[in-house]
Amino acid sequence: MGLLKDWDYVEQAVRIPALAEVIREALIRALFVRDDRVLPASIIGDLNRLPPVTVKVKEDGEVRKLIRVLNGEESTVSLGLNAEDYHFFRTQLGVGRTREFGLTMRPRVLLTYDWIVPEQRGVQLDFTAYAGVEFAEDGHRAIAQVGALWKRLYDDALAAGHLVPFVPTVPLDFAIGDAVCGDAPFGSFRGGFASYVNALRTISPYGHRARIGFEEVANNGTAYDLLHASIPLASEFFVPVAVALRLEAKPGARKTLTYAFDDPAKVSIALDKVSRVGPGIQWVHLTDAVAAKTLRPGPAEAFAVQVSLGTTATGIAAKEKVVDAALAGFKAKTADAPNPFDAPAEAYRKTAEAVARALFVGEVRIPAKSFGDFAGKVRAFGDQSAAKAGIYGSLGSTGIVSAFPSFSAPKDRIKVYDLSKGVRAIVARIPGAAFTGRLTHLWEEEPNFLRRMALWREMKLQIDAAHVVQPLVAP
Amino acid sequence: MASLDYAYRRLVNTLGPERVARSEFERMVYSHDFASLPKIALLQWRLYPDFVALPQTTEEVSGVVKLSDESLLQITPRGGGTGWCGGSVPNRGGVLIDMRKMNHILGIDPDGRTVAVEAGVSWKEVEDFVEAKGFALPHVPLNAIGSTVGGAINSGSTGFGGLRGGSLRDAVANLDVVLPDGSLLKTASGADAGGALADLTPLFFGAEGTLGIVTKAVLRLIPKPELTRPLTYSFPELPAAGRFLKAIVDAGLTPYHAAAVDRDHFVFERALRSDTPEPVDLALVAVQGSKDEVADQEKALDALASKEGGAKLPPAVGDGLWRERHNNYGARRLSRGLMISYNLVPLRRLPEAVETAARIRDKLKLNGSVQAHLVDSTTAALNPYVLMDDTRPSGGTALGFVKRMGDAAFKMDGHPMGLGLFLVFNLRKMHGNATSAYSAVKGVLDPRKKINGGKTFEVWTKYPWPGLRAIPPPGMAIGLEVAAILRRAKPTRDRFVRAYEHSKEG
């Protein structure tokens with residue numbers, strides 16, 4: 001995601017004497033929106049620079065070779081390019097001059113916004129053509145190359161008798177790799193994306209194939225759990241090329257229930273109660289009227305809660321009763337709604353395109369009991385900002401709603417920044433809530449957080465001592 | 001290096017005389033963990049700590065860690081000592097920090113569904129506390145009575161509830177850790193950020209105290225289930241019980257716990273307790289939920305078991321085994337201790353794995369039991385144990401079993417669990433080219449290797465001389481392999497478990 005790179009850039013920028021006078025938040029804003037009234041032209045130049053070369057990866061050996069070339073271990077001749085590409089590659093990268101190269105993974109779809117500091121001189125990797133999926137013969141495990149579409153994985157898994165337990169809270173047409181190098185919000189009722197990752201197949205900053213974790217089994221008791229700690233930042237330590245995922249058996253019976261609520265207080269209480277219902281729930285998604293209109297045709301209630309059940313054929317009726325009781329207070333219920341993720345790929349893609357038109361600022365994690373309060377405040381904030389607000393959310397068994405406010409606004413960086421700041425102000429007034437958007441990582445000044453980020457930065461410098469994988473950049 | 005007397009005085013000034021021990025007997029108690037070690041190990045390591053410190057607060061832990069900058073003594077943190085690979089025993093003496101005086105439950109947050117505890121409290125105490133408040137822990141380690149919260153986190157343990165409630169890692173929201181420089185770090189943000197905001201919590205799972213000392217933990221809670229029903233099924237052979245466990249996952253069922261236990265375990269238990277069930281290969285499954293849900297799951301399980309030739313045992317059997325679920329290693333009283341080999345294997349290969357474990361045990365002419373339980377939808381834990389007879393010179397060769405089991409786990413695309421002193425040679429086999437990344441993490445957090453040094457990437461010995469200060473990890477593997485070969489060459493089984501032998505003959 002380039003998060004460490006952005007954070008380090010800001011940390012270094014605030015120490016530049018000429019910029020030290022600018023308060024941190026104003027400096028972050030100036031960097032984010034590329035404000036040439038605040039920043040020197042050289043910095044603006046750096047921020048507007050794009051990676052000069054994009055490589056479309058077809059096999060992981062290409063990435064290995066590329067890393068060895070960038071590390072100076074192999075000549076560009078070994079890339080096997082034709083004369084024209086060879087010349088382009090060398091001139092664009094400035095091979096032969098005294099400069100360092102880096103490489104960065106390009107997510108297929110970004111929910112929120114691009115990072116502040118782009119890759120300065122190196123190569124951008126495009127994994128859209130590296131999209132294979134392989135299922136274990138007699139087990140519930142898949143290995144998905146990072147370019148594989150989530151929707152394809154989901155459909156293929158169902159056909160093979162498995163269930164992909166995690167679904168996107170905001171239904172965009174994400175690739176699996178977007179969860180490790182982008183911001184794809186995968187999750188389920190029982191856990192986040194990381195809970196379902198057994199291993200990452202990566203290419204190390206030295207060009208070796210390095211597996212983090214174990215493809216067939218959990219990684220308990222094998223020294224530090226570097227896998228799960230690093231998943232949000234994995235693409236800054238290694239180049240992940242495939243993900244070994246833990247799937248589940250396709251349940252004997254599945255059912256999607258939709259409950260409509262018109263009262264924010266009632267929906268909050270209902271969400272808290274349903275989060276206490278045990279296994280059998282695959283996911284619980286919630287939308288306000290704005291989001292619901294984008295996802296589903298027809299009239300939309302103030303709030304809709306969709307619950308996906310999956311259990312034995314004989315047990316599903318009992319589970320539905322339990323969910324009905326927990327969601328008491330609903331205005332209407334639809335028990336025969338199709339599972340939105342079972343839709344044909346083309347229909348899913350069309351919905352995703354409609355959803356992607358909105359501007360997203362990132363994830364807000366909020367106790368279920370406070371969801372109604374949050375939704376009201378976001379709506380009012382959107383109205384004030386002339387950007388109609390909507391909310392996509394999913395509920396976890398911990399009682400936390402992972403909410404993604406969306407705004408009908410042009411996706412320019414100034415708007416993104418101001419709306420993010422507004423959401424942060426709302427979240428700060430709600431106990432137990434956290435805004436985890438990328439900008440929060442730059443704004444946050446809590447000492448423990450700064451210490452943790454500093455440790456991550458040191459670990460990056462140790463693991464990527466070759467400065468190849470999204471190398472840190474000084475302003 | 002400061003003198004030991006000076007170091008002792010400084011420790012006493014920090015903790016008080018009653019919480020610093022240096023007598024021979026007390027040091028001896030801390031010179032081993034749950035695994036029984038042959039005395040020959042003392043030739044290689046100084047397993048006896050110089051001092052045992054018993055801090056009661058995070059500040060005291062920090063104080064003791066900072067003192068090691070003056071004394072240059074190694075720090076070895078220790079929880080309940082229920083580990084099995086020497087992760088919590090010293091290799092060069094030094095200060096052993098026993099965390100069990102930090103055993104308070106700090107408070108429960110019913111709205112946030114979390115409980116804050118000190119690292120030295122046992123899981124059983126936490127479980128009892130939260131159950132009295134109407135909650136349950138989503139994940140409980142196997143040895144909940146002796147295992148401390150910090151100890152289980154550091155060993156990356158598996159246990160009860162994994163299939164239903166997720167891993168122990170998912171059940172921990174935040175940790176307080178004293179880093180090797182003596183500073184305190186909160187590993188996650190105060191609000192639940194779902195792994196964002198530079199969350200470092202997972203890094204301490206399985207770290208065996210090599211990155212820092214966990215002093216407090218915030219654990220997640222789930223509502224207490226309405227009903228828990230243990231069910232037991234006997235099978236003609238253990239692989240059939242393994243197939244039954246796999247079938248449970250394939251059917252999409254999510255019991256709270258599902259384990260396969262061979263008949264030998266009950267033979268040992270019978271020698272100790274008369275109320276032990278009849279020895280038989282069996283599966284123990286605990287289902288939870290409302291009455292309807294439990295009944296539905298029970299019906300489904302009955303059908304799955306009968307497909308594998310399983311016969312349902314009377315409810316009293318299941319109830320008894322469930323009551324005693326945390327007392328799994330009574331057999332150590334029959335001998336001079338036992339060795340447990342913890343391994344994770346792919347669930348799809350579980351039937352093969354239990355057969356392999358029994359074969360290795362028999363080849364090495366050991367007395368022991370094969371056990372396994374479900375961890376998640378891809379993984380099963382295979383944790384056989386064997387009895388040791390350290391009264392004979394050949395007793396220590398039983399350690400070879402752990403090596404052979406680990407090798408077998410690797411062959412089945414799984415891995416052994418734990419590194420510690422004895423299994424550190426597995427690290428490179430586990431992580432291959434990624435090993436250097438793990439080494440980098442230790443280098444960042446503990447550059448001077450103050451805390452539990454010489455156990456992860458190299459094996460320190462007690463000797464100060466160059467060339468002998470450390471041995472390459474594969475050296476340990478060779479030693480254990482030789483033990484296994486000697487064991488195999490031994491003509492007979494150990495004869496010390498009379499009850500076992502009688503029962504076999506009978």
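**Notes on the domain 2 / domain 3 interface in chain B**

1. The domain assignment splits chain B three ways: domain 1 covers 4-101, domain 2 covers 105-223 and domain 3 covers 227-415. Keep in mind that this is a predicted model. My comments stick to how domains 2 and 3 meet.

2. Going by their C-alpha centres, domain 2 of chain B and domain 3 of chain B sit 26 Å apart. At the interface, 17 residues of domain 2 of chain B are in contact with 23 residues of domain 3 of chain B. Together the two bury about 1600 Å², with carbon and sulfur atoms giving 57% of that area.

3. Which three residues of domain 2 of chain B supply more of its area buried against domain 3 of chain B than any other three? Look at Phe160(B), Leu163(B) and Arg164(B): they account for 48% of what domain 2 buries there.

4. On the polar side, there are 6 residue pairs in polar contact between domain 2 of chain B and domain 3 of chain B, counting pairs with both residues at pLDDT 80 or more. The salt bridge count between these two domains is 1. If you want a salt bridge to look up in the model, Glu127(B) and Arg325(B) form one through their side chains, at 3.9 Å from N to O.

5. As for what domain 2 of chain B puts against domain 3 of chain B, the elements giving two or more residues are α4 (123-132), β8 (140-141), β9 (159-160) and α6 (162-165) of chain B. α6(B) has the largest share, with 3 residues. By type, this side of domain 2 of chain B breaks down into 9 nonpolar, 5 polar and 3 charged residues.

Notes:
Residues numbered from 1 in each chain as written. Chains lettered and ligands numbered in written order. Predicted model: local features only at pLDDT ≥ 70, side-chain atom pairs only at ≥ 80, totals over all residues. Heavy atoms only, no water. Domains from an automatic or database assignment. Contact = heavy atoms within 4.5 Å. Buried area = accessible area lost by both parts, 1.4 Å probe. Salt bridge = Lys/Arg side-chain N within 4 Å of Asp/Glu carboxyl O. Polar contact = N/O pair within 3.5 Å; in protein donor to acceptor, adjacent residues only side chain to side chain. Helix = DSSP H or I, 4+ residues; strand = E, 2+ residues; numbered from the N terminus. Nonpolar A, V, L, I, M, F, W, Y, C, P; charged D, E, K, R; others polar.
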